[in-house]
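Thank you all for coming; I would like to take a few minutes to walk you through a structure that is new to most of us. Please have a look at it on the screen, and then I will begin with one pair of helices and work outwards from there.

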Amino acid sequence: MRIDSVAVGDSSPPAPDRSPSTGHARAALADSASVGLGFLPLGLAFGALAARSGLDWWWAGLSAALVYGGSFEFLLIGMVTAAAPPASIAVTAFLVNVRHVFYALSFPLHRVRGRLGKAYGTYALSDEAYALTAGERSRSWPGPRILWLQLFMHLYWAGSATAGALLGTLIPDGVTGLDFALTALFTVLALDALRGLRGDLPTPLLALLSALIARVLVPGQLLPVAFALFTAGLLVRAAATRNRPMTGEEPYRA
Amino acid sequence: MPEPGYAVAAVLVSAAVTWALRALPFAVLAPLRASATVRHLSTRMPAGVMVILVVYCLRDLSVSSVGALAPLSALAATIGLHLWRRNALLSILGGTAVHVVLVSAVLPR
């Protein structure tokens, strides 16, 4: 909210001699307000959870700035406090973030100029950055505006995580259960993603089944096993649907 | 606090893997844009991955015990709020508030 009013409040028309990059930054600041509003409480919760889990205040800020992958970072807290081996952290990072692979199909990186710009554009390609820049509304945004938008979102996340870590130790010890924020986040993301699938019930059922099977058979390796089962199931289904086109499922026929 | 060197290494490993996943596909995936299998996966994976992550978060739940009451109520509150208002922030804050109140005040462990 405050972010928005900063952008709107200074309503002096752009002076003719003002560099175009200032205009892009201002537009990006306004575009980033909605995401900032969502990042703030989540970042605070992430930082507070890290601090309450016994990690030093700087760790949350470092993770938020360098990893910059919200949902995975919540999982990372648990793995770091449990002293998980780096190899299994790498595998989990791969599995949780492998969805980003598909953003390359439609993120407008071709509009971002320069090697450094492209490097940062991919580095800060969060779910939210993708959601804001790959849509219809952003079709006319030039590269600098996209990069500014990514930078603002990156700063909101790193800033709120650091603030949460610093404030987290102030939360009374009797207050527990904040970790549910992560469960709630995934629930909300799942509901939104499911709505996009429009009644494709086999996909969530396949995912749920994969997770439950992994939970029963290999509780210690739930995530990698569940992801593998789910991906294998999707591939089998894709192959089966292609061989039998009469199933009527053809949204991906180009 | 675990060994700071280890905690930093965990962040660096995660950052490297995450950036690789965000950057390398731009070089590799361009020829695959037309692949039906890739599109099949790309439209369905996000929803499934989130469902699996929800189960992962609730993995320690034993449905028969009283301890399951708080997370299940909070989950119901989150889903209900989200289907009602479609406001991610409201759903997350509401569900978390239900959980914190139940765990801290009503059903202390």
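In this predicted model, helix α6 of chain A packs against helix α1 of chain B, residues 4–28, at an angle of about 35°, and the axes of the two helices are 9 Å apart. The crossing in which α6(A) passes α1(B) is right-handed. If you would like to find the contact on the screen, look on the α6(A) side for P86(A), I89(A), A90(A), A93(A), F94(A) and N97(A), and on the α1(B) side for A9(B), A10(B), V13(B), S14(B), V17(B), T18(B) and L21(B). Sorted by character, the residues of this contact of α6(A) with α1(B) come to ten nonpolar and three polar, with no charged residue among them.

Let me now step back to the two chains as a whole. How many residues of chain A are in contact with chain B? There are 75 of them, and they meet 62 residues of chain B. On the chain A side, the helices that each supply at least two residues include α3 (33–52), α6 (86–97), α10 (180–197) and α12 (222–243), and it is α10(A) that gives the most, with 15 residues. The residues on this side of chain A divide into 55 nonpolar, 16 polar and four charged.

That brings me to the interior, where the largest nonpolar core has 100 residues, and where A190(A), M50(B) and I52(B) have the most contacts inside it. Helix α10(A), which we have just met at the interface, also gives the most to this core, with twelve residues. To take one residue of chain B as an example, I52(B), leaving aside its neighbours within four places in sequence, is in contact with A207(A), S210(A), A211(A), A226(A), F227(A) and F230(A).

Finally, a word on each chain taken separately. Chain A has twelve helices and zero strands, and of its 254 residues 42% are buried. Chain B, with 109 residues of which 41% are buried, has four helices and, again, zero strands. If we take the contacts in chain A between residues at least 6 apart in sequence, 72% of them join residues at least 24 apart, whereas in chain B residues 24 or more positions apart account for 39% of the contacts with a separation of 6 or more.

Key. Residues numbered from 1 in each chain as written. Chains lettered and ligands numbered in written order. Predicted model: local features only at pLDDT ≥ 70, side-chain atom pairs only at ≥ 80, totals over all residues. Buried ≥ 20, exposed ≤ 12 C-beta atoms within 10 Å, placed from the backbone. Contact = placed C-beta atoms within 7 Å. Nonpolar A, V, L, I, M, F, W, Y, C, P; charged D, E, K, R; others polar. Core = buried A, V, L, I, M, F, W, Y, C linked by C-beta atoms within 7 Å. Axes fitted to C-alpha atoms, helices over the stretch in contact; angles between N-to-C directions. Left-handed = near helix turned anticlockwise from the far one by under 90°.
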